[in-house]
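Have the sequence and the 3D view side by side as you read. We'll look at a couple of helices, a turn that follows one of them, and the cysteines.

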Amino acid sequence: MLVGATGLVGRECLRLLLADADVAHIEVVTRRPLSPHVHSPKLATHVLDFDHLNEVDELFAVDAIICALGTTIRQAGSRTRFRTVDYEYPLDFARIGRRRGCSHFLVVSALGANPKSRMFYNRVKGELEHALRVLDYPCLTIVRPSLLLGPRAELRLGEEVAKRVSRWLGPLVPRPYKPVESRAVAAVLVRAAKTSCSGVQVIESSEIAPSSGA
């Protein structure tokens, strides 16, 4: 199952999964339709209200769930709504998946995720990581990318400023903080989803290929 397939990392995950001969079937659960150009015999797309996931829990009987769902406070409109999208929805997917026998949950978190962080964004990401660990998945993969690069549908001013600063500073930026391409994050997720593991594995941003321009 892929959640967040219309986002920056999710789109790349879907592209890789569709091209992967080892992947037999993909359940995409999304809040808005995919591009009409995206189709495959092994792809099943479900446009759903994420507030009623329990009504379709049969979809969750999958081997692995890749959750690339995420937003910003500006997009969400409030901290409350941001928390719903970045904490409550991913946790709901994980809970239902575990109940239906899914053995591997993979999630896009963030560099600096910490439930005790003073930064609201990092604190929510850290709280999600903690809540996912409690579910006791046989395998839990947490990917913590730094600034994500790639073609977005909307302009994010803060990210644009950070990108420019990173380009100016170049080699002076410590590797853990270098921007990473969305396609590199997606490649890490898909590769991990196909690899057997036990317990919790955390993939830090420094373990993801940085942007060639950083």
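Helices here are DSSP runs of H or I with at least four residues, numbered from the N terminus. One thing to keep in mind throughout: this is a predicted model.

## Helix α4 and its neighbours

Let's start with helix α4, which covers residues 120-134. How far apart should the ends of its 15 residues be? At 1.5 Å a residue, the expected span is 21 Å, and the end C-alpha atoms are 21 Å apart, so the two agree.

Now look at which of its residues are tucked away. F120, N122, V124, K125, G126, L128, E129, A131 and L132 are the buried ones in α4. What do they pack against? Their partners are two helices, α2 (73-76) and α3 (79-99), along with strands β5 (104-108) and β6 (139-144).

## Just past the helix: D136

After α4 comes D136, and its phi is positive, near 60 degrees. Why stop to look at that? Most residues other than glycine have a negative phi. D136 is not a glycine, yet its phi is positive.

You'll find D136 in the loop between α4 and β6. Is D136 buried or exposed? Its relative accessibility is 58%, and the cut-off for exposed is over 50%, so D136 counts as exposed.

## Helix α6

Helix α6 takes up residues 182-193. Try the ruler trick again: its 12 residues should span 16 Å at 1.5 Å a residue, and the end C-alpha atoms turn out to be 17 Å apart, which agrees.

Plenty to click on here, too: the buried residues of α6 include S182, A184, V185 and A186. Further along the helix, V188, L189, V190 and A192 are buried as well.

## The cysteines

How many disulfides are there? The count comes to 1. The pair is C139 and C197, with sulfur atoms 1.5 Å apart. C139 sits in strand β6, while C197 is in the loop between α6 and β9 (199-204), so the bond ties together parts that are 58 residues apart in sequence.

The two partners sit in different surroundings: C139 is buried, at 3% relative accessible area, whereas C197 is partly exposed, at 27%.

What about C102? Its closest cysteine sulfur is the one in C139, but that is 9.7 Å away, so the two are too far apart for a bond. C102 counts as buried, with 0% relative accessibility. C67 also has 0% relative accessibility, so C67 counts as buried too.

How values were computed:
Residues numbered from 1 in each chain as written. Predicted model: local features only at pLDDT ≥ 70, side-chain atom pairs only at ≥ 80, totals over all residues. Heavy atoms only, no water. Expected span 1.5 Å × (residues − 1). Buried < 20%, exposed > 50% of the residue type's maximum accessible area, 1.4 Å probe, protein only. Contact = heavy atoms within 4.5 Å. Disulfide = S-S within 2.5 Å.
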